[in-house]
Protein chains: 2
Amino acid sequence: MQERSAKAPFGVGDLARAGQCKVETVRYYEKIGLMPTPLRTEGGHRVYHQPELKRLIFIRRSRDLGFSVAQVRDLLQFVDEPNHTCGEVKALTLAQSEEVQRKIDDLQRLHKALLEMADKCKGESYSLEQCPIIDALYDEI
Amino acid sequence: MQERSAKAPFGVGDLARAGQCKVETVRYYEKIGLMPTPLRTEGGHRVYHQPELKRLIFIRRSRDLGFSVAQVRDLLQFVDEPNHTCGEVKALTLAQSEEVQRKIDDLQRLHKALLEMADKCKGESYSLEQCPIIDALYDEI
DNA sequence: ACTTGAACCTGTAGTTACTACAGGTTTTAT
DNA sequence: ATAAAACCTGTAGTAACTACAGGTTCAAGT
């Protein structure tokens, strides 16, 4: 572990720890092209610096928030390629935000349905003969 | 297709259609033990009746509500075994609704962030040197 | 009765996004 | 110098299906 200098290079273990993922995940991201192929030590160990960590954190944050790897790839494209206009970036961002809103709507409907089911259930009966949740899922056809 | 009598037995295709899934999915559910091994015709075709359809619909509904197959297995246990309380079922449903709420919260934070980023961007510049969106995505760590 | 086409069968492989080894090498710390 | 930790590659496993391939059976029309 490097403590002294934040700028010192580090290995894949430290990168993974800082990026909140497994070492294997970093290598997987490298294989599918989300992370760059890093420099190596003479012995073949991967060596990373601050920019790669920033990139990994960005990937992880996006993934945690439900973006697919393909979508993360699109977002990273804007970081990687200089020949995009700000307008393109804005359009993609707005498209993403709409998709996120759709997901939110879906989940909210789901949440409502779950709560309504739970609400009907007193939860005390020792018999499942008339459990409203089971009924809702199983009998209401 | 059987139209005349709702009680007549039917094949896996009709079952899948009625359960809103693919034939392969039914066979998959059979393989992993969510659906029972059905009777067969002399030629080996699967034969189903009303109870199996109800079970499949139950499974599909639960899956649509975001329950994992493992959770559906737990729920089906409540259907299959008589010695469970309604409270158990309710607890599982509430746990699921909390998880859905957490996902909603995450996505709402993301949505806000995306809109804020898009808002800062005039979207006209042909240079990405100072695009506020890229800055927010990549540099604000 | 016969034919044809839809529906069915089994089994394997592909999908997404990782995760878990196995079996070996390098680095680091004592 | 040696031992442990970290690393390497490569393959296989996970969830929850989905998509074939290559063959058999069923049902309807003639």
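**Group meeting: DNA strand C and the tyrosine pairs**

B:Tyr28 is partly exposed, with a relative accessible area of 42%; that class runs between 20% and 50%, buried is under 20% and exposed over 50%, using a 1.4 Å probe and protein chains only. B:Tyr29, at 3%, is buried.

A word on conventions. This is a predicted model, where local features need pLDDT of at least 70, side-chain atom pairs count only at pLDDT 80 or more, and totals for chains, interfaces and linings use all residues. Residues are numbered from 1 along each chain as its sequence is written, chains are lettered from A and ligands numbered from 1 in written order, and side-chain values use heavy atoms, without hydrogens and water.

Now the DNA. Which residues are closest to DNA strand C? They are A:Tyr29, A:Arg63, B:Gly13, B:Arg27 and B:Arg46, out of 20 that surround the strand; near means a heavy atom within 4 Å. Sugar and phosphate make up 82% of the strand C atoms that come within 4 Å of the protein.

Next, polar contacts, meaning N or O pairs within 3.5 Å; within protein, one atom must be able to donate a hydrogen and the other to accept it, and residues adjacent in sequence count only if both atoms are side-chain atoms. A backbone N or O atom of B:Arg46 sits 2.7 Å from a phosphate oxygen of strand C. For A:Gly43, a backbone N or O atom does so at 3.0 Å. A:Thr41 uses a polar side-chain atom, 3.0 Å from a phosphate oxygen.

Last, chain A. A:Tyr29 is buried, at 3% relative accessible area. A:Tyr28 is partly exposed, at 42%.
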